[in-house]
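Here is a walk through one protein chain, taken a region at a time. Keep the sequence and the model side by side while reading.

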Amino acid sequence: MRFSITCRDAGGLVSSLERGLRLLVHSNLFISLSTVSVAVTTLVLAELSLEFFPLFVVFAATMFVYSSNRVTDLAEDERNVPRRAAFTKRYGRRWLAFGVGLYLLAIGLAIVAGVQGAVYLLLPLVAAVLYSVIGIKRIFLVKNGFVGAAWGLLPLGVGYYYSVLWSVEILFLAGYVAAMITVAAVIFDIKDIEGDRAEGIATVPTVVGPRRTRLVSQAANVLIAAVVVGLVAVDAVSGTVLAVLAMNGYVAAYIPFADPDRGPLFYGFVVDGEHVFLAAVVLGLEWLVW
């Protein structure tokens with residue numbers, strides 16, 4: 001009897017944990033935490049002070065962009081990720097309102113505080129319109145590069161805020177993040193094969209299939225890691241940036257498991273969790289070693 005109760009309790013705990021993770025993923029709270037993690041990694045590796053405002057701006061902009069995308073892509077999500085689509089139908093507009101509110105608050109605070117370059121906070125709005133309204137995502141490979149470039153702006157934004165935009169570390173991290181997110185965006189398209197084919201959207205997985213997509217993505221991941229090692233070897237960047245190789249290892253571990261049958265928690269939590277993982281590694285190294 002005790003054993004059966006324990007199993008029941010464990011099952012309930014797992015179920016509660018899964019519901020909690022789905023809420024984090026479907027509400028875009030977790031992807032917003034991921035972009036904040038990029039900013040944190042940038043701050044640590046560039047040896048900058050930790051401030052609340054730039055982290056809040058990153059979180060707010062991400063909530064706005066991804067919440068608006070969930071609403072505009074509802075029809076496509078009903079084919080690819082029906083549970084997320086059901087969540088969006090029920091709560092999507094509330095989360096969008098929350099995202100819009102945070103985004104407007106961030107812009108308002110920047111203007112009131114006289115933050116230099118506050119006008120650049122309109123870039124997330126431009127990105128949302130290009131991606132979700134104009135439909136840049138329908139152009140083969142442009143979608144992946146666009147997403148990668150958008151994430152690559154995060155380290156640049158941190159550098160601009162701290163007036164170190166052209167520092168080697170900032171430029172390195174911008175390029176690294178853009179490259180790694182481009183790879184992740186290609187992997188993400190594996191889950192959307194059915195819906196993308198129905199919508200006539202050409203992606204790497206719809207053109208070459210899941211297996212070749214995994215092989216190409218893994219090759220790109222290894223190449224990026226080799227470039228990082230090469231840059232450190234020729235003293236182009238500090239050896240501390242080798243910490244980013246932890247994420248290359250993380251990506252290498254999840255790529256073989258990416259297939260169309262994986263649920264949203266795999267893509268929304270495991271794949272999107274790569275930058276949360278890297279930030280944890282970097283903070284750990286900062287505390288233990290650096």
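Just after helix 2, E47 takes a positive phi of about 55°. The model is a predicted one, and this backbone angle is a convenient place to enter it. Most residues other than glycine have a negative phi. Helix 2 itself covers residues 29–45, which makes 17 residues. From its first C-alpha to its last it reaches 24 Å, close to the 24 Å expected at 1.5 Å a residue. Of those 17 residues, 15 are buried, so helix 2 is largely enclosed by the rest of the structure.

On the other side of helix 2 there is another positive phi. N28 sits in the loop between helix 1 and helix 2, and its phi is near 75°, a positive value in a residue other than glycine. Is N28 buried or exposed? Its relative accessibility is 2%, so N28 counts as buried. L141 also has a positive phi, near 70°, and is likewise not a glycine. L141 lies in the loop between helix 6 and helix 7. With a relative accessible area of 45%, L141 is partly exposed.

Next come the charged pairs. Side chains of opposite charge can pair when their charged atoms come close. The structure holds four salt bridges, and three of them are described here, starting in helix 1. There, the side chains of R22 and E18 meet in a salt bridge, with 3.1 Å from N to O. Why can these two side chains meet? R22 and E18 are four residues apart in helix 1 (residues 2–26), so about one helical turn separates them. An α-helix has 3.6 residues a turn, so residues three or four places apart point the same way. As for cover, R22 is buried, with a relative accessible area of 14%, whereas E18 is partly exposed, at 32%.

A second salt bridge joins the side chains of D189 and K143, at 2.6 Å from N to O. This pair links distant parts of the chain, its members being 46 residues apart. D189 belongs to the loop between helix 8 (168–188) and helix 9 (193–199), while K143 belongs to helix 7 (residues 142–161). Both D189 and K143 are buried. For K143 the relative accessibility is 9%, and the cut-off for buried is under 20%, so K143 counts as buried. Which residues does K143 touch, not counting those up to four places away in sequence? They are Y131, I136, K137 and D189, the last of these being its salt-bridge partner.

The third pair is R262 with D259, whose closest N and O atoms are 3.6 Å apart. R262 counts as partly exposed, at 36% relative accessibility. D259 also counts as partly exposed, at 22%.

The surface has a nonpolar patch as well. V119, Y120, L122, L123, L125, V126, V129, V133, I134 and L153 form this patch, and together they have about 920 Å² of accessible area. Which helix gives the most to the nonpolar patch? Helix 6 (residues 123–134) does, with six residues. One residue of the patch, V133, has its place in helix 6. V133 has a relative accessible area of 62%, so V133 is exposed.

An annotation can be set beside these features. In an unreviewed entry, UniProt places the feature "transmembrane region" at several stretches, including residues 118–134 and 146–164. In the model, residues 118–134 are 71% helix and 0% strand, and the end C-alpha atoms of this span lie 25 Å apart. Residues 146–164 are 84% helix and 0% strand, with end C-alpha atoms 24 Å apart. Other stretches that the same UniProt entry lists include 21–46 and 265–289.

The last stop is Y250, in helix 12 (residues 245–254). Which residues is Y250 in contact with, leaving aside its neighbours within four places in sequence? They are F269, V270, G273, E274 and F277. The C-alpha atoms of Y250 and H275 are separated by 9.7 Å, and these two residues are 25 apart along the chain.

Notes
Residues numbered from 1 in each chain as written. Predicted model: local features only at pLDDT ≥ 70, side-chain atom pairs only at ≥ 80, totals over all residues. Heavy atoms only, no water. Patch = residues over 30% accessible without salt bridge, like charges linked within 9 Å, V, L, I, M, F, W, Y side chains within 5 Å. Areas by Shrake-Rupley, 256 points an atom, 1.4 Å probe, with all protein chains shown as cover. Buried < 20%, exposed > 50% of the residue type's maximum accessible area, 1.4 Å probe, protein only. UniProt positions renumbered as here; feature names shortened; annotations may be inferred. Contact = heavy atoms within 4.5 Å. Expected span 1.5 Å × (residues − 1).
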